[in-house]
Amino acid sequence: MQDYLEIRDPVHGFIYRESHERDLIDTKVFQRLRSLHQLALAHLVYPGATHTRFDHSLGAFHIAGGLAKTLVQSETERRLIRLATLLHDVGHGPFSHVSEPILQAHSSKTVFVEEQESKIHEVITAKIILENAELREHLSDRERQNIVGLLSGKFGHSFLHDIVSGPIDADKQDYLLRDSYFTGVKYGIYDQDRLRNTLRVYEDNDDLVLAISIDGLHTLEQFVLAKYYMTTQVYRHRIRLITDCMIERAISLGIEQDKIGWLKALYSYDGTDEFIQEYLQWNDERLTNEVLHQKDSLVKDLFDRLRKRHLFKCIFDVDQNDFPDPSTRSFVFAGSKDFYKPLEEQVAKQFGFDQNHVIAYGVTFNSATKTESQVPVLHKTKTTLFDDESALFKSVDQKIREQHFHIYAPVEYKGDEKQKRKKHREYKEAILKMIQTLANPQHELPLA
Amino acid sequence: MKPTDFLLCLIDASGGKVQGRTLLQKRAFFVTELIGEDFGLKFDAHYYGPYSPTVEGTTTQLKNLGFLQESNTGFGILSEGFEVRRYDYSLTEDGQKLLERLRASPEYGIVKGATDRVLAAGNPNYVELSIAAKAYFLLKKKEGGSMSVAELIKQAEKYNWSISPESIHRAVGFLSSVGLATER
């Protein structure tokens with residue numbers, strides 16, 4: 001008889017796990033996820049958003065288990081899917097995704113090549129799964145290799161990978177519901193039961209891919225809408241973007257200007273076991289506490305601000321419509337980020353800000369991300385693709401990919417709303433001019 | 001060259017417009033194969049043959065930025081597995097202005113040269129390019145890269161691809177013309 005154990009979860013009800021899965025959940029490496037907030041400092045905007053990578057990993061594991069039960073024949077593969085989803089986030093660092101660009105900037109390029117598709121937390125996750133002593137006690141060598149293969153898309157048919165990492169994977173299926181629940185934003189809700197029950201495995205050339213029955217078309221549309229609303233309302237909420245940028249800037253200053261050795265070491269992945277051992281000792285709270293003890297440091301100054309919710313403000317928010325000149329538009333939204341630093345310097349100089357406290361940020365998307373567009377939709381007598389079938393996918397996808405460019409700075413507005421708007425216009429006119437000069441150093445162009 | 005610049009150059013070299021996103025995907029695939037560089041497009045074997053999410057994402061980006069215009073026409077269900085709605089892409093006036101700068105770069109010449117080779121090889125439509133892509137996939141997969149037309153048809157059946165001998169002949173003809181295969 002199977003030894004099933006249950007965990008009560010506010011999103012999914014009871015989550016059942018077997019004894020070998022409980023052993024993994026009880027490892028230090030997994031328990032550490034309790035101390036990594038799922039949405040970094042989003043609780044400064046949505047006070048309920050204090051949920052963690054631990055809750056999310058269990059939720060994604062639960063959903064993956066349900067999908068595997070419906071779609072996967074092989075018991076071994078079902079087990080692998082559950083384990084891979086359970087462990088998919090163990091490589092996250094303090095403040096989760098906020099750590100990513102800093103790790104990318106400071107890690108050894110010999111162990112992490114930016115051109116590779118993997119994000120660095122995925123590289124670290126793989127390293128932990130393969131080599132962590134505790135995990136080795138509970139998983140065979142082959143199983144650990146297969147889990148890493150499954151997470152990176154190198155094991156078995158595509159649909160197995162699609163369940164753990166793809167446009168409609170268990171990860172997204174959980175985080176939309178969970179983030180929606182904990183932020184209190186109701187837009188992330190979709191019919192998860194219906195989605196699971198209408199997903200199918202479809203033979204595509206010599207591969208098996210995840211597809212959806214035509215009966216699930218509207219459920220998938222609901223899922224796409226949920227993703228869109230959560231992106232605009234939560235993931236790209238202005239305050240959330242500001243707090244994420246402030247954390248990233250603080251850590252970068254701590255490494256580059258305060259020259260804090262342990263901080264640099266924490267963000268310099270070199271592929272060694274020593275790095276991983278140390279990395280696993282860190283979480284959101286410890287990092288915050290340690291930097292707050294760094295007297296007279298730039299990193300402490302910014303973390304102090306975050307702790308007191310004394311946040312920077314957005315002084316410049318533009319989209320493509322603000323740049324009538326095509327080459328300037330392309331320069332800002334389709335070019336490299338090399339102009340961010342000189343622009344920050346100019347803004348700081350003109351308006352009297354500390355240069356370290358001016359942050360240029362492009363609200364962009366990864367154009368290589370696979371969307372739901374190519375999910376085959378299975379009719380009785382034919383197969384089509386989701387974006388041909390769905391009346392709303394294309395417009396939602398286009399909207400979700402809209403780009404903005406922001407500048408954040410430590411401003412204090414004095415006076416009424418009218419004066420604030422006047423100040424904003426002043427910032428906008430001046431910064432647009434700076435950008436146009438940076439984009440076209442030979443000649444100045446007319447303003448928008 | 002960034003994916004945005006590559007796609008703008010490809011569309012410009014195609015006469016300023018491409019009819020159908022499947023055609024855009026396949027043409028981009030063959031042009032990158034001919035050049036021997038993928039420009040970050042990372043093509044995958046997919047439902048309709050080679051597919052790049054980056055081509056899809058970058059096209060949307062270029063459209064959002066006002067450099068490409070998209071229009072679509074409904075054609076109903078042509079046959080199982082092929083698109084029912086054709087999305088056409090053309091350069092806008094702003095896209096044309098950006099091209100003025102790009103045309104001066106050596107990369108533009110490389111992309112144009114490869115695009116011209118594809119167009120000169122009979123300017124295949126998206127169905128023909130899709131079949132050619134599948135045939136190319138099978139040839140690349142085969143050890144030694146050599147296969148008779150009969151073998152190709154047999155292999156295609158193995159993958160449940162319904163391809164007629166005439167289509168395979170046209171596909172092989174195209175691959176030979178652009179220099180990606182040799183007919184013996």
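The expected span of a helix is 1.5 Å times one less than its number of residues. In this predicted model, helix 6 of chain A has 12 residues, which should therefore span 16 Å, and its end C-alpha atoms are indeed 16 Å apart, in agreement with that expectation. Helix 3 of chain A, residues 53-71, can be judged by the same rule: its 19 residues reach 26 Å from the first C-alpha to the last, close to the expected 27 Å.

**Two covered helices of chain A**

Helix 6 of chain A is mostly covered, with 10 of its 12 residues buried. The buried residues are I120(A), H121(A), E122(A), V123(A), I124(A), T125(A), A126(A), K127(A), I128(A) and I129(A), a list that takes in H121(A), E122(A) and K127(A) as well as I120(A) and V123(A). Their cover includes helix 2 (28-31), helix 4 (75-87), helix 5, helix 7 (133-138), helix 8 (141-152) and helix 15 (273-279) of chain A. Helix 3 of chain A is likewise largely enclosed by the rest of the structure, because 15 of its 19 residues are buried.

**The two domains of chain A**

The domain assignment divides chain A into domain 1, residues 4-238, and domain 2, which is made of the segments 241-366 and 402-439. Taken over C-alpha atoms, the centres of these two domains of chain A are separated by 29 Å. Where the domains meet, 28 residues of domain 1 of chain A are in contact with 28 residues of domain 2 of chain A. On the domain 1 side of this contact, helix 5 (100-106) and helix 6 (120-131) of chain A each supply at least two residues, and helix 6 of chain A gives the most, with 5 residues. The residues on that side of domain 1 divide into 16 nonpolar, 7 polar and 5 charged.

**Strand pairing around strand 9**

Strand 9 of chain A, residues 404-409, runs antiparallel to strand 5 of chain A, residues 313-319, and 6 bridges join the two. Within this pairing, D319(A) has H404(A) of strand 9 as its bridge partner. Strand 9 of chain A is also joined by 5 bridges to strand 6 of chain A, residues 359-363, and this pair too runs antiparallel. Here Y361(A) stands opposite H406(A) of strand 9.

**Two loop residues with positive phi**

Most residues other than glycine have a negative phi. The two residues in the table depart from that pattern, and each is placed in a loop of chain A.

| Residue | Phi | Loop in chain A | C-beta neighbours inside 10 Å |
|---|---|---|---|
| K259(A) | near 55° | between helix 13 (238-256) and helix 14 (261-266) | 10 |
| R309(A) | about 55° | between helix 17 (298-307) and strand 5 | 11 |

A residue counts as exposed if 12 or fewer other C-beta atoms lie within 10 Å of its own. K259(A), with 10 such neighbours, therefore counts as exposed, and R309(A), with 11, is exposed by the same criterion.

**Chain B and its contact with chain A**

Chain B contains 8 helices and 5 strands, which follow one another from the N terminus in the order α-β-α-β-β-α-β-β-α-α-α-α-α. Of the 184 residues in chain B, 47% are buried. Among the contacts in chain B with a separation of 6 or more, 65% are between residues 24 or more positions apart.

The contact between the chains takes 28 residues from chain A and 32 residues from chain B. On the chain A side, strand 3 (199-204), helix 18 (326-333), strand 8 (383-385) and helix 21 (393-400) each supply at least two residues, and the largest share, 5 residues, comes from helix 18 of chain A. The residues of this side of chain A divide into 6 nonpolar, 12 polar and 10 charged.

**The largest nonpolar core**

The largest nonpolar core holds 162 residues, among which A64(A), I81(A), I163(A) and A135(B) touch the most other members. Helix 6 of chain B, residues 126-141, gives the most to this core, with 9 residues. For I163(A), once its neighbours within four places in sequence are left aside, the contacts are A64(A), L67(A), A68(A), I81(A), D169(A), A170(A) and L210(A).

Methods
Residues are numbered from 1 along each chain as its sequence is written. Chains are lettered from A and ligands numbered from 1 in the order in which they are written. This is a predicted model: local features need pLDDT of at least 70, side-chain atom pairs count only at pLDDT 80 or more; totals for chains, interfaces and linings use all residues. A nonpolar core is a set of buried Ala, Val, Leu, Ile, Met, Phe, Trp, Tyr and Cys residues joined through C-beta atoms within 7 Å. A residue is buried if 20 or more other C-beta atoms lie within 10 Å of its own, exposed if 12 or fewer, and partly exposed in between; C-beta atoms are placed from the backbone. Helices (H or I, at least four residues) and strands (E, at least two) are DSSP runs, numbered from the N terminus. Two residues are in contact if their C-beta atoms, placed from the backbone, lie within 7 Å. Domain bounds come from an automatic or database domain assignment. Ala, Val, Leu, Ile, Met, Phe, Trp, Tyr, Cys and Pro count as nonpolar, Asp, Glu, Lys and Arg as charged, and the others, Gly among them, as polar. Two strands pair if DSSP finds at least two bridges between them.
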